[in-house]
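Open the model in your viewer and keep the selection panel at hand. We will go chain by chain.

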Amino acid sequence: MRADPADYQLVSPGNLQAVLSALAGEPAQWLPIAGGTDVMVLYSAGKLSNRKLINILNIPELRQIEVFPDKIRIGAACNYTSLRMHEVISREFPLLATAASWTGGIANQNRGTLGGNIANASPAADSLPALLVYEAELTLISVRGERRVAYRNFHTGYKKTALASDELIRDISLARKFFGYISHTRKVGARNAQAISKVCLAALGQSASGKIGDLRLALGSVAPVPLRLNETEQLLAGNRIAPSLIDAARRSVMREIRPIDDIRSTARYRSAVAGNLIAEFLEKLAAEGAKA
Amino acid sequence: MNSSPEKSAKCDILLTVNGEPRKVLAHPVERLLDVLRNELGLTGTKEGCGEGECGSCSVLLDGMLVNSCLVPVAQASGASIVTIEGISTHYLMNPLQETFLECGGAQCGICTPGMILAAVHLLEKKPEPDLADIREGLAGNLCRCTGYMQIFEAVAKAVRRRVAK
Amino acid sequence: MQEGHIVGASVPRKEGRDKVTGAARYVDDMVLPGMLHGATVRSSVARGKFQKISFDPNVNWNEFVVVTAKDIPGKNCIALILDDQPCLAAGIVNHAEEPVLLLAHADRHKLRKAVDAVSIEYEPLPSVHSIEESERQSTIIWGNDNTFKSYLVEKGNVDDVWREAAHIVEGEYFTGAQEQLYIENNGVIAAFKPDSGITVWGSLQCPYYVHKALMALCGLPEDKVRVVQMETGGAFGGKEEYPSMIAGHAALLAIKSGKPVKIIYDRMEDMVATTKRHPSRTRHRTAVSKEGTILGGEIEFTIDGGAYATLSSVVLSRGTIHAGGPYFWPSVRIRTKAVATNTPPHGAFRGFGAPQSLFALERHMDRIAQVVGVSPIEIRRRNFLKTGQTTTTEQTIRENIDLHHLLDRALELSDYAAKKNRFAVDNKNGKRKKGIGIAAFLHGAGFTGSGERYLNSLVGVEAGADGIVRVLVSSAEFGQGTNTVLCQIAAEALGLPYQGVAIAQPDTTVVPNSGPTVASRTAMIVGKLVQSAARGIQQTLTKAALLNDAYTPEQFRAACGEYVALHGALKSYARYEAPGDVYWDDERYRGDAYAAFAWAVYVAEVTVDLTAYSVTVDDFVALQEIGKVLNPVLAEGQITGGVAQGIGFALYEKVLWQNGRMMNSQMTNYIMPTSADLPPIRVFFEELGNVHGAHGAKGIGELPMDGPAPAIVNAVEDATGVRFCSIPLLPEDLFEALRNEPVEQDVPSPLGDSA
């Protein structure tokens, strides 16, 4: 343990307005802490430069999951266990429910929050590709009011987001419109549990008579931000799935992604695996579509 | 809020530990693990990695399994904590502790408190887990000695024993 | 009392109740009044000279205890074998993270900041970071030639075999460093009083190693050094020699401050600064007959010892002796060496050289099979040692080991033949290839050759007035079952219930030196001495006419009570006696290397996923002959735990080095298997007995480390056709190899070709 707790403040006002006032009063001074599964690791390693922490885990508005006919709204401080256990999320947003089950072990799922992972903005976070394909929308709040940001515009660079220094993520909305989609997600890590991903795919698609309908592909850990594969989707949409198309898709994926060599893996491996995951999904789409 | 002093002061934090109300004087960001071990003398909870990977520090917080090395004690204010010391009642061991002994689930013992807490938590959520459930339930607790096989047996045996009753 | 009543039964772990209730006391659970915390300032360069140590003026250094090499009262070294490793660097560092300076303070947090406030200016020196660089000797970093030790084993006439050979098979094999990753980090508390000397409580395997090291370091006589082993949370060799270093540090701080000092490493420090398994390179050149029998061969085995000699000569020894495996070599030349690099010294880790040389050999056997054109099964059958034949060191195998039977049984248990056929068919399609592979091997228990004679182990058993018997050994419990097994043996020897026997906490003021807890020697060698010493208690009582030859536990208790009242303490000792028929020539490295070998055949079934290039072990059969199963649950636990570490060694655990420093020093990026990663590990035993071991037991602690890696990589080659010769075999490595040699797909993808 390499940090001195006396050097840190952690305040816990317990209500949303007080938190927002603090963030507004001293911009960029207060670091919100939810489950702490990212912040406390940095703290223990002596690498947490923010000295002022503000607790948001006990803010009730951030801990609800609300179901509406057309959408679901997940409070930013909802932990991964609550996502896994939620009936609508498991049934209608399986990519997210599955990603939640991959995020650390049970103990970390009981603490880690969706909003926390989004704000931490690691491109390796398991849930983020799912949010991209589900086209999530974030509600950001501050003393100035609230605004909506399409999740696809939220990450602006490596560990950089559209969050202003006085803002909090309040909730993540997902439109309930993915009935009948074929979904596929796979995480490739160093081991079967408790692994930071080397490559992670979240995919949704429609297929009828072998032709691709709406298609959404997102990858984690292959770029500075979680990446929606817009170009590859365009290449594929409306086409018939065939080996030549799959090959073309692989090449397109390789052009779109920006993997690196790092402590966990290599760029070449990531590229190859990314291509393999896409191919695997397209083969699944073809097989499922043939049944339809 | 006023502009804050450079160093934080310790503050009183009230929590329930193993059924007993406790008050600790601690910096709010102090790890729950350190508060349990150093302030409360409950050394059964162990530190193996300090980063939430090994699970040796697992405790129950309001019934939820958590890694206490990642919980700032301020967030445990008002919570009910159960540690390994709270798993046995006086001299009567929890069935899981019995089966860990019978099946060889503990070798060096350092992962054992956390592993038992994880198993207790698993059986509370899934009273009749299959092997896949057991593997998943314990995947956040690393054991370097056993290769896990006898831990799985211990959990399965505790389940059978409970079902038989 | 019938045989096997206690020995051979799965009696509960002696200290198990404390472990499952959280009552077990590990060193960090202990606090002494007035205790300070200690920390180490370490080198940031792999090799360099230094003169100036700067202390940040913003820190009030008067509050701190500061210790440098100059403060060492005795000899600045960690006494072990060559005594070349300093306790604190003086003017030169030879590896990153080498200890230079020690600090202590009552406040852990201030201490941490103070460590960061010390800066040392280095004049970097050229450094060496691989076996190849070291061998080249263009930069000499140790001795005259960077070589800690070398061995030459010669049998028969190697130079004559090549001309008769139908095949000459060559291969080169590599194994990487592996971190022991005990879940409890290294830790120690030291206290010093001028009249009584130094006391150290620690997480350790060998109290007397630490005792010896502290005597030399502190310049204290034997009776002024006391070492106590606390409950130890895993060791696997990582706490065999290293604790002498951390204990030395705490002792120096305690001596200087006059206060108790606790040093506990966090995970990052433990990973970067302490010992790991020696990386290795093995080269085989083997002359083989047309039928596939080995005519002879040359084996070159080299290990990377790191910056100081420490235990490398002994690791090398074991690797050398095991390099020929369970096969008959009519002629062989085994040339081995341990070389220096500017890395934290590598050290003991379960298996201790044998996993490295056996990995190479068992991979090589599969290669020989391919060249000869027979199956991996057949090639082994044609070369297995038989009773009456000699090993590479010309040790005659005297026991009736039937390796053919062991192999047959392993194949049956793993359903090998049926699976091999099924996989051959199934592998034609799809992205998942299955493979099955075997490894046959042996592991010698106890110290090599005359090592046990040199150790001269002494064991005590004591009986109290209350009839409770206490075993007195320096053998440490760290999960493997020392306490339980030795109590079982004593109880059985005395005809007492298991509950009537206890074991003393290893404390050098209380227990004699029964040798280090290493080399799979505890059950076999120390156990036999416990048996003798226990019988000695009975003999004493019988001779004193207080007990008949047959007696009840109550009568035993009464007799003890009487004896103690009349004569005082009732203690019996037994000292190791070398078996008369074991001969070892240390000069020519020839003869009876070990008193006993355990034998094994392991079978690994794998799936290679060509989407992620990952290998999963689906099923694992571990069959071994171990003399006698003293406690079935504990024995099985040793095997499953060892196999799990072997799986990690093969597929998951990689140390990433940069300038001689470990980069992935956290559990998040040094990957060991979780409960979700391991296959069912199915364990089976055979028992041939062993005249040299208690109740016929052989050592088993390290055996399971030798087989998994080669069995798995053999299986991966079976699945993919690619010849992997280096571990760990990560998905990235598999991917790179397959890029160059794609796996054949017989059948086109189900989609067809038309667009």
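Which domains does the domain assignment of chain A give? Three ranges come back: domain 1 (6–55), domain 2 (60–175) and domain 3 (182–291). Keep in mind that this is a predicted model. Colour chain A by those ranges before moving on.

**Stop 1: chain A as a whole**

Select chain A and show it as a cartoon. Eleven helices and 14 strands appear there. Along the principal axes, the C-alpha atoms fill a box of roughly 60 × 45 × 30 Å. The radius of gyration of chain A is 20 Å, and a compact globule with 292 residues would have one near 19 Å, so the two agree. Of the 292 residues in chain A, 57% count as buried. Now look at contacts in chain A between residues at least 6 apart in sequence: 63% of them join residues at least 24 apart.

**Stop 2: where domains 2 and 3 of chain A touch**

Select 60–175 and 182–291 of chain A, which are domain 2 and domain 3. Their centres, taken over C-alpha atoms, are separated by 22 Å. The contact takes 20 residues from domain 2 of chain A and 22 residues from domain 3 of chain A.

Stay on the domain 2 side. Which elements give two or more residues to the side of domain 2 of chain A that touches domain 3 of chain A? Select α5 (94–102), α8 (128–133) and β8 (155–157) of chain A to see them. The residues on this side of domain 2 divide into 13 nonpolar, five polar and two charged.

**Stop 3: chain B against chain C**

Hide chain A and show chains B and C. Here the contact takes 39 residues from chain B and 41 residues from chain C. On the chain B side, the elements that give two or more residues are α2 (95–103), α3 (112–125), α4 (131–137) and α5 (149–164) of chain B. Pick α2(B) to see the largest share of that side, four residues. By type, the residues on the chain B side that touches chain C are 19 nonpolar, 14 polar and six charged.

**Stop 4: a sheet in chain C**

Select chain C alone. Find the open sheet of three strands, ordered β4-β2-β6, with antiparallel pairing. At its edges stand β4 (92–93) and β6 (118–124) of chain C. Each has a single partner strand, so one side of each is left without a neighbour in the sheet.

Zoom in on β2 (residues 48–55) of chain C. Two bridges join β2(C) to β4(C), and the strands run antiparallel. What stands opposite C:Lys49 in β4(C)? Label C:Ile92 to see the partner.

Note on methods:
Residues numbered from 1 in each chain as written. Chains lettered and ligands numbered in written order. Predicted model: local features only at pLDDT ≥ 70, side-chain atom pairs only at ≥ 80, totals over all residues. Contact = placed C-beta atoms within 7 Å. Nonpolar A, V, L, I, M, F, W, Y, C, P; charged D, E, K, R; others polar. Pairing = 2+ DSSP bridges. Rg over C-alpha atoms; globule rule 2.2 N^0.38 Å. Buried ≥ 20, exposed ≤ 12 C-beta atoms within 10 Å, placed from the backbone. Domains from an automatic or database assignment.
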